[in-house]
Amino acid sequence: MSLGLDDVIAAETVLSHVDGEAGRLIIRGHDLETLAGRASYEQVAALLWTGFAPDSGEGTAAALGRARVAAFGLVAPVLQGAGDLTPVEVLRLLLAALPDASPVPGHHLVTGAMPVFAAAAIRRSQGQGPVAPDAALGQAADFLRMVRGRPATPAEVSALDTYLVTVVDHGLNASTFAARVVAATAAGMVSSVVAGLCALKGPLHGGAPGPVLDMLDAIGSADRAADWLAAALDRGERLMGFGHRVYRVRDPRADVLKAVAAGLRGGANRIRLAEAVEQAALDVLATRKRSRPLQTNVEFYTALVLEALGLPRAAFTPVFAVGRVAGWAAHVLEQEQTGRLIRPQSRYVGPMPRQAA
Ligand code: ACO
């Protein structure tokens with residue numbers, strides 16, 4: 001029995017494969033490195049959905065543009081009741097408000113809605129009203145425009161597009177598994193994607209990049225890194241941006257994102273400190289955690305990319321969801337078409353009723 005289901009195969013998929021020993025991520029027959037920076041997010045979403053979603057004959061980008069416009073109508077009324085929620089909590093609220101029955105196909109609806117809702121949630125946390133989508137733009141360009149209220153530069157759009165592709169899908173990670181469990185009950189696309197977001201939110205999954213920046217800030221300069229990291233481990237803390245359930249070598253997404261961060265002005269400023277902290281962390285983890293190879297994961301350089309794009313820390317998990325949603329949607333479609341109700345068992349270790357004497 002494995003309480004974390006480490007070696008359990010719970011689904012068959014054609015969508016993505018994580019080879020944790022080789023440090024390789026395959027997205028529907030393509031190594032990640034051959035897609036990131038070369039294929040657009042829309043192209044990779046279409047690649048994932050091919051064969052599962054009905055092909056309406058129109059471009060995926062156009063369909064997602066229309067879905068963004070459709071989703072925007074929900075924003076203002078739902079935000080009225082949002083109280084003091086954080087951006088990821090607002091995103092959860094908005095997603096849950098999507099209807100199950102919609103003229104927009106479910107995978108387009110959730111994927112188009114995510115950047116609209118995430119941008120509105122981020123702006124709200126800064127005391128600003130939502131900006132309407134522009135259906136003619138791609139997801140990355142429109143998201144940055146909706147967050148800022150003005151267009152981003154081509155270099156920024158390209159950086160975000162590469163990030164979105166890099167995180168689009170990753171085997172049966174916790175959020176994708178959650179989405180597939182809900183899809184397996186026939187609850188539908190929206191409910192499944194809400195479940196995915198709820199799982200992504202945790203710091204052991206998609207909530208790590210904000211704390212990565214907190215760590216870099218607290219360390220401050222390269223010469224303090226080793227002592228600071230050792231003290232954190234002494235306190236029993238985990239070093240954010242390191243370790244992975246599947247990878248035993250470096251996460252291939254880390255280098256893709258490191259290159260993206262280095263190409264952005266804000267990222268280049270941070271990269272020397274980040275590299276020093278990364279090396280010090282790998283050294284101390286290798287010494288202290290000999291039984292478990294712990295390497296840099298995707299979240300470490302994600303933090304630098306998103307910071308360089310001017311996004312606030314509280315926005316990082318919502319932006320991850322903007323990328324991952326096409327993967328969740330593909331898994332939901334696949335589960336609905338090929339899967340079975342997911343219903344494992346637990347081993348009862350509680351008390352038994354007393355036998356009558
Ligand atoms: N820092 C310090 N120690 C660590 C770390 C870390 N980042 N990760 C694992 N360990 C240690 C554990 O303390 C444990 O040590 P022990 O045997 O001495 O008790 C050992 O490695 C094994 O830990 P597990 O909990 O079994 O590892 P698991 O596979 O469950 O953890 C996880 C994977 C959650 C990602 C973990 O590495 C972690 O917490 N990392 C920090 C948070 C993070 O970066 N999350 C983003 C992950 S990437 C993603 O989801 C997109």
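Me: How far does a polar side-chain atom of Arg292 lie from an oxygen atom of the ligand?

Reply: This is a predicted model. In it, a polar side-chain atom of Arg292 lies 2.8 Å from an oxygen atom of the ligand. A pair of N or O atoms is read as a polar contact when they are within 3.5 Å.

Me: Which other residues should I look at around the ligand, and how many surround it?

Reply: The ligand is surrounded by 21 residues, and the closest are Arg238, Leu239, Phe242, Arg245 and Arg292. For Arg238, a side-chain N or O atom is 2.7 Å from a ligand oxygen. For Arg245, a polar side-chain atom lies 2.8 Å from an oxygen of the ligand.

Me: Moving to the chain as a whole, how is it divided into domains?

Reply: Domain 1 covers 12-203 + 313-338, and domain 2 covers 209-308. Their C-alpha centres lie 26 Å apart. The contact draws 26 residues from domain 1 and 26 residues from domain 2.

Me: How much area do domain 1 and domain 2 bury between them?

Reply: Buried area is what two parts lose on being put together, summed over both. Here domain 1 and domain 2 bury about 1900 Å², with 72% of it on carbon and sulfur atoms. On the domain 1 side, Tyr163, Arg313 and Phe316 lose the most area to domain 2, together 33% of what that side buries.

Me: How many salt bridges count between the two domains?

Reply: Side chains of opposite charge can pair when their charged atoms come close. Between domain 1 and domain 2 the count is 3 salt bridges. Arg313 and Asp217 meet through their side chains in a salt bridge, 2.7 Å from N to O. Polar contacts are a separate count, and across this interface the rule finds 5 residue pairs.

Me: Which elements give two or more residues to the side of domain 1 that touches domain 2?

Reply: They are β1 (16-19), β2 (24-27), α1 (32-35), α7 (154-166) and α15 (316-338). Of these, α7 gives the most, with 7 residues. The residues of that side divide into 14 nonpolar, 5 polar and 7 charged.

Me: What is the count of salt bridges by this rule, without limiting it to the interface?

Reply: The count comes to 17 salt bridges. One of them joins Arg68 and Asp142, whose closest N and O atoms are 2.7 Å apart. Arg68 lies in helix α3 (residues 60-79) and Asp142 in helix α6 (residues 139-148), so this salt bridge ties together parts that are 74 residues apart in sequence.

How values were computed: Residues are numbered from 1 along each chain as its sequence is written. This is a predicted model: local features need pLDDT of at least 70, side-chain atom pairs count only at pLDDT 80 or more; totals for chains, interfaces and linings use all residues. Side-chain values use heavy atoms; hydrogens and water are left out. Domain bounds come from an automatic or database domain assignment. Contact means heavy atoms within 4.5 Å. Buried area is the accessible area (1.4 Å probe) that two parts lose on being put together, summed over both. A salt bridge is a side-chain nitrogen of Lys or Arg within 4 Å of a carboxyl oxygen of Asp or Glu. A polar contact is a pair of N or O atoms within 3.5 Å; within protein, one must be able to donate a hydrogen and the other to accept it, and residues adjacent in sequence count only if both atoms are side-chain atoms. Helices (H or I, at least four residues) and strands (E, at least two) are DSSP runs, numbered from the N terminus. Ala, Val, Leu, Ile, Met, Phe, Trp, Tyr, Cys and Pro count as nonpolar, Asp, Glu, Lys and Arg as charged, and the others, Gly among them, as polar. A residue is near a molecule or strand if one of its heavy atoms lies within 4 Å of it.
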